[in-house]
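User: I'm new to reading protein models and would like a close look at the inside of this one. Could you walk me through what is packed there and how it relates to the rest of the chain?

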Amino acid sequence: MRLLMKRSVLAPLALTLLVAGTTPRSPAQAQNQSPSPARSRAEETLERWNDIGNKLVAMAQDFPEDKYDFKVQKDQRTFALNLLHAAAFEYVVARSVSGSNLGPDFGEGDNPSRDQFKTKADVVKFVQQAVADGAAVIQQQGDAGLDKTSPWGKRLVHNSYKWMFAIEHSGEHYGQLVVYYRANNLVPPDSRR
């Protein structure tokens, strides 16, 4: 009886040890592993570009259309105008880097009129297109494109600087749009995970 009892206790223990021995590396073992090689700078830039761009697209798709003209204070842009401005600035950078007139005509500067983008669907399409067109330029030009220089204001800068500037600019507008969500008792898409 005692032998049977010992076997019944040892069998699950043995199975547990067997399974534990075949599991992937422990956290301590993983820390001793070398990191994977760095991807190209263009791939890293593209990842950051798409990350913030896709957050803006998700917000454009998610925010209720009847609140698209909401703003927290009278001297701020509306929700829709924030998205339009962020996307237009993405085009300003992509056009500067590519040396082309990429994307739709939205007038001078980086503040398209709501008259051009009357519906939520119009705004969503514009934001999606800006993210996709910028991503295509980054992919087409690769690392060599990041090293090229061109005018930015009254000085020359590397194209990598322009992409970083645009990514940060989009991040600032993302943060502002989070406030618009919270002011309407809504949870931004990225905070729902």
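**Inside the protein chain**

Analyst: Let's start from the outside: the protein chain has an accessible surface of about 11,900 Å², and carbon and sulfur atoms account for 55% of that area. Please keep in mind that this is a predicted model. Of the 193 residues in the protein chain, 35% are buried.

Next, a quick map. The protein chain has six helices and two strands. Reading from the N terminus, the order is α-α-α-α-α-β-β-α, so keep the DSSP numbering in mind, which counts helices and strands from the N terminus. The contacts reach a long way along the sequence: of those between residues at least 6 apart, 68% join residues at least 24 apart.

Now to the interior. In soluble globular proteins, nonpolar side chains tend to be buried together. Here, the largest nonpolar core has 44 residues, and the members that touch the most others are Trp49, Tyr68, Phe79, Leu83, Val123, Phe126 and Trp163. Helix 3 (41–62), helix 4 (79–98), helix 5 and helix 6 (159–183) each give two or more residues to this core. Helix 4 supplies the largest share, with 12 residues.

To see how such a residue sits among its neighbours, pick out valine 123, one of the well-connected core members. Setting aside residues within four places in sequence, valine 123 is in contact with Tyr68, Ala80, Leu83, Leu84, Arg114 and Phe117. Two of these partners, Tyr68 and Leu83, also appear among the core members that touch the most others.

Helix 4 also holds a residue worth finding, asparagine 82. Is asparagine 82 buried or exposed? Its relative accessibility is 0%, so asparagine 82 counts as buried. If you leave out residues up to four places away in sequence, asparagine 82 touches Arg77, His173, Gln176, Leu177 and Tyr180.

Over in helix 6 you will find valine 178. Valine 178 has a relative accessible area of 18%, and it is buried because the cut-off for that word is under 20%. Beyond its neighbours within four places in sequence, valine 178 is in contact with Met59 and Pro188. Try locating phenylalanine 79 from here as well: valine 178 and phenylalanine 79 are 99 residues apart in sequence, while their C-alpha atoms are 10.0 Å apart in space.

Is there any empty space inside? Rolling a probe the size of a water molecule over the atoms shows where empty space is left. Searching the whole structure turns up one cavity of 30 Å³ or more, and the largest cavity has a volume of about 30 Å³. Around the largest cavity you will find Val97, Val137, Ile138, Gln141, Gly142, Gly145, Leu146 and Trp163. Helix 5 (residues 120–147) contributes the most to this lining, with six residues. Sorted by class, the lining of the largest cavity has five nonpolar and three polar residues, and no charged ones. Trp163 links two parts of our tour: it lines the largest cavity and is one of the core members that touch the most others.

For contrast, let's visit some exposed residues. Glutamine 139 belongs to helix 5, and its relative accessible area of 56% makes it exposed. Look for alanine 42 as well: the C-alpha atoms of glutamine 139 and alanine 42 are separated by 6.8 Å, although the two residues are 97 apart along the chain. Leucine 156, in strand 2 (residues 155–158), is a nonpolar residue that is nevertheless exposed, with a relative accessible area of 59%. Not counting residues up to four places away in sequence, leucine 156 touches Thr149, Ser150 and Pro151.

Finally, move to the segment after helix 6, where asparagine 185 is found. With 73% relative accessibility, asparagine 185 counts as exposed. Most residues other than glycine have a negative phi. Asparagine 185 is not a glycine, yet its phi is positive, at about 55°.

Conventions:
Residues are numbered from 1 along each chain as its sequence is written. This is a predicted model: local features need pLDDT of at least 70, side-chain atom pairs count only at pLDDT 80 or more; totals for chains, interfaces and linings use all residues. Side-chain values use heavy atoms; hydrogens and water are left out. Helices (H or I, at least four residues) and strands (E, at least two) are DSSP runs, numbered from the N terminus. Buried means under 20% relative accessible area, exposed over 50%, partly exposed in between (1.4 Å probe, protein chains only). Contact means heavy atoms within 4.5 Å. Accessible areas come from the Shrake-Rupley method with a 1.4 Å probe; for residues, only the protein chains shown count as cover. On a 1 Å grid over the protein atoms alone, a cavity is a set of points where a 1.4 Å probe fits but cannot get out, and a pocket is an open set with protein on both sides within 12 Å along at least five of seven lines; lining residues have an atom within 4 Å of a point. Grid points are joined across faces, edges and corners, and a volume is the space filled by probe spheres set on the points. A nonpolar core is a set of buried Ala, Val, Leu, Ile, Met, Phe, Trp, Tyr and Cys residues joined through side-chain atoms within 4.5 Å.
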